[in-house]
Amino acid sequence: MSAQTDQPTITTELLQTTSLPMTADAILHDFSHYFGRTLGRRSVSAKAPFVYQAIVFAARDRLMERWRKTHDRIEAQDARRVSYLSLEFLMGRLLRNALLSLDIEDETAEALNRLGLDLEDVFEREKDAGLGNGGLGRLAACFLDSCATLALPVVGYGIRYQYGMFHQRIENGHQIEYPDSWLREGFPWEIERIEYTQTVRFGGRSSSYTKNGVTHYQWVDTHDVLAIPYDIPVPGYQNDIVNTLRLWSAGSTDGFNLEEFNAGSYVDAVAAKNAAENITMVLYPNAETENGQVLRLQQQYFLASASLQDTIRFWRLNHGDDFTDFAAKNCFQLNDTHPAVAVAELMRLLVDEHGVSWDDAWRITRSTMAYTNHTLLPEALEMWPVSMFRRLLPRILDIIYEINARFIDEISQRWPGDNERIRRMSLIQEGGEPMLRMAYLAIVGSYSVNGVAALHSKLLREGLFRDFAELWPEKFNNKTNGVTQRRWLAACNKGLSRLINETIGTTWTTDLMQLERLRKFAGDANFQEHWRAVKQDNKARLAVNIEERTGLRVSTDTIFDVQVKRIHEYKRQLLNMLHAVHLYDRIRRGEGDAIVPRTIIIGGKAAPGYAMAKNIIKCINNVARVINSDPLMAGKLQLIFYPDYNVSAMELICPAADLSEQISTAGKEASGTGNMKFMMNGALTIGTLDGANVEIRDAVGAENFFLFGLSVDEIEGLRGQYDPQAIIAADDDLMRVMHLLESGHFNRFEPGLMDSITQSIRESADLWMTAADFRSYVDAQVAAAATYSHKVRWTKMSILNTAASGYFSTDRTMRDYNNDIWRLEPVKLNGN
């Protein structure tokens with residue numbers, strides 16, 4: 001019986017009497033059952049969704065029994081758990097990873113072969129789950145994979161967006177956004193858990209009452225929304241552990257108004273339903289309008305409230321309303337600043353809903369919340385107008401004001417009379433429109449604050465959060481990001497994985513430091529030949545994909561020079577474009593024979609409301625059109641804008657890349673993880689001393705990294721005296737590039753198109769200092785090209801990059817989180 005519901009349950013012993021076989025015969029039997037009886041189909045075709053769905057059901061059954069055992073063991077052990085809150089989980093396709101984790105990929109392929117089907121075709125039928133925008137969401141997905149592989153009891157909490165990250169089409173060079181209807185054909189991995197539905201409040205007002213001489217507060221007259229959970233299994237690698245990603249979907253408490261409908265008011269009849277469902281309709285609604293800002297704030301609070309309520313529900317199963325040991329058994333990891341409102345929401349739940357005193361609730365909160373910061377850009381630190389909070393979350397605003405009052409007292413005791421420091425550190429930024437500083441709330445309410453690369457964490461402590469680091473130096477720590485080698489090498493680069501397995505064995509899939517053993521083969525001629533053959537095969541696969549997407553044929557005999565990531569000024573796709581124009585100019589001036597043939601591949605999406613980023617995409621496409629149509633460029637230079645970049649695209653791109661472009665302005669990129677994926681697959685990096693590039697260069701050695709650009713200190717020293725006009729005038733190559741851009745050469749029938757781009761480069765206020773790094777960048781590119789022309793030397797450097805990538809596994813990252821922040825005990829199945 002359940003401690004709360006007293007409902008009968010199916011016993012674990014009954015469910016565990018049999019275990020599903022993992023043979024091809026058994027998989028074929030289960031596939032046939034689901035295909036014919038559950039889905040009601042007869043004709044087998046890999047192009048239809050039904051083969052994919054039936055295979056997922058067969059795999060999910062095998063995950064389900066492990067999922068249940070994992071959950072039962074966590075509950076039986078009353079284990080300390082982490083709730084990982086993130087607005088993004090960019091999971092990508094799940095089927096290949098599930099089969100790899102269950103170690104039944106070969107058996108599944110054999111089962112389908114008996115029906116004349118190819119498992120690779122079935123993999124291609126799966127849609128990417130559109131639950132993230134870029135690095136933040138993909139990192140969260142890698143974290144969950146590693147936590148399951150390490151048997152750490154971690155539950156991911158996110159939002160089940162009806163429409164995920166938009167599909168990008170390029171029309172006349174412009175980015176055009178189309179809805180990502182990723183749920184149109186269903187999502188067979190998920191299980192709706194309606195019995196765990198939570199209620200999330202908005203609007204209303206705060207009210208107080210006195211009981212036994214004590215003042216209590218409640219949130220009344222609210223507009224409530226249901227949070228309906230959908231669970232997705234997260235399997236560990238061949239260890240029988242399956243953790244959970246729980247995604248919340250918003251629903252109306254009122255539903256359908258039949259009276260309004262019968263009266264002919266069809267829109268009003270479903271108004272409440274639509275208003276509720278809008279909260280989880282779209283990932284990152286455009287915040288250029290007030291309505292968009294309101295929706296974003298609703299999403300953040302919806303995630304935090306539903307997830308915290310769910311954690312408390314689980315706690316009360318065994319502990320009732322005794323929260324004495326709650327902090328000893330729970331940790332909430334806030335993935336960036338989006339879920340920071342969880343600090344105030346946990347206080348509300350403990351104090352208002354469960355009768356915990358303020359002091360005890362604050363002790364619990366500050367002992368359970370941990371905050372990961374992912375950005376150094378001030379505009380990404382989540383600030384909300386107080387007036388908006390007052391309308392949407394009045395009780396939460398009251399709590400934040402109380403937290404702030406007590407926090408200011410703490411500052412005053414440490415630095416008496418330092419009103420300027422109080423002003424800087426207050427959770428409320430005063431002014432004409434007072435604003436809530438959500439990053440500050442996360443710091444004040446957490447026991448741990450970490451950055452995601454050594455340089456990033458240093459800049460947080462010494463810059464952005466310096467005041468807080470002086471008050472609480474013990475809170476601040478670094479946890480350098482990583483990526484999971486299961487997806488980003490074992491699954492996506494089969495040829496290289498096979499070669500590595502044959503050379504050093506298979507233990508690297510769970511201990512990536514084993515790749516160090518490849519170092520002794522870096523100069524081996526036979527091994528190098530096999531290494532180059534794998535790379536050529538991967539480049540051929542990508543070339544086919546590029547032709548399918550763009551209609552352009554690319555030569556695999558060129559250096560594949562790749563920059564794929566979110567389009568943003570600080571990531572400096574613009575600098576890459578300037579280099580492309582520079583190469584074009586050299587070839588046009590007769591220097592083509594001196595240039596190593598190159599295919600430049602740029603891909604990524606711009607936020608719908610980010611006009612400059614969208615203009616950069618347009619300009620890149622205009623430059624590409626001119627380059628790719630010029631006969632003089634044939635066999636020497638191509639520029640490709642890869643459309644609709646996503647996780648599955650990266651799984652094709654990173655194994656094929658020769659040169660990895662990590663060229664952000666120093667001090668702007670928190671970490672980056674694309675740099676790690678490329679390195680792991682043998683690409684060489686050209687990059688600045690920014691984010692995790694610093695640690696990548698340290699790991700592989702300066703001689704195996706193409707460094708360029710100003711350092712953080714040099715950039716700071718240049719502020720206030722930066723003169724890009726003088727830099728351009730002193731550099732003939734840059735002056736010719738700017739002339740081509742400003743002359744209309746790339747936009748003959750679109751006057752003014754390049755103006756905002758060229759003006760931004762020429763302005764002394766250019767935060768990204770593009771002109772300042774141009775010459776150094778070009779010189780580094782010359783060095784990279786010269787090295788590529790010596791295939792033995794390049795191949796050795798490529799092997800050494802893969803060999804040095806062991807540190808950048810999320811397995812190491814998660815061990816660091818666990819050792820220093822979470823302090824979880826691994827789940828032990830079967831009492832072991």
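Ring pairs join Y84, F89, F143, Y817 and W822 into a cluster. The model is predicted. A search of the whole structure gives 25 aromatic pairs. Among the members of the cluster, F143 belongs to helix α7, while Y817 and W822 belong to helix α35, and these helices are described next.

**Packing of α7 and α35**
- Helix α7 spans residues 135–149 and helix α35 spans residues 810–822.
- Their axes come within 9 Å and cross at roughly 75 degrees.
- Crossing angles of 65 to 115 degrees count as roughly perpendicular, and α7 and α35 are therefore roughly perpendicular to each other.
- On the α7 side, the contact involves C142, F143, S146 and C147.
- On the α35 side, T810, D811, T813, M814, Y817 and W822 take part.
- Sorted by class, the residues in the contact of α7 with α35 are six nonpolar, three polar and one charged.

**A stacked pair in α2**
- The search that finds 25 aromatic pairs includes the rings of F31 and F35, whose centres are 5.5 Å apart.
- The ring planes of F31 and F35 are at 20 degrees, so the pair is stacked; planes under 30 degrees apart count as such.
- Both residues lie in helix α2 (residues 24–38), four residues apart, about one turn of the helix.
- F31 and F35 are both buried.

**Charges over rings**
- R169 lies over the face of Y178, at 3.7 Å from the ring centre.
- K605 has its charged end over the ring of F166, 5.4 Å from the centre of that ring.

Definitions and conventions: Residues are numbered from 1 along each chain as its sequence is written. This is a predicted model: local features need pLDDT of at least 70, side-chain atom pairs count only at pLDDT 80 or more; totals for chains, interfaces and linings use all residues. Side-chain values use heavy atoms; hydrogens and water are left out. Axes are lines fitted to C-alpha atoms, for helices over the stretch in contact, and angles run from 0 to 180 degrees between N-to-C directions. Helices (H or I, at least four residues) and strands (E, at least two) are DSSP runs, numbered from the N terminus. Angles under 35 degrees count as roughly parallel, over 145 as roughly antiparallel, 65 to 115 as roughly perpendicular and the rest as oblique. Contact means heavy atoms within 4.5 Å. Ala, Val, Leu, Ile, Met, Phe, Trp, Tyr, Cys and Pro count as nonpolar, Asp, Glu, Lys and Arg as charged, and the others, Gly among them, as polar. Rings of Phe, Tyr and Trp (its six-membered ring) pair if their centres lie within 6.5 Å; planes under 30 degrees apart count as stacked, over 60 as edge-to-face and the rest as tilted. Buried means under 20% relative accessible area, exposed over 50%, partly exposed in between (1.4 Å probe, protein chains only). A charge sits over a ring if NZ of Lys or CZ of Arg is within 6 Å of the ring centre and within 35 degrees of the ring normal.
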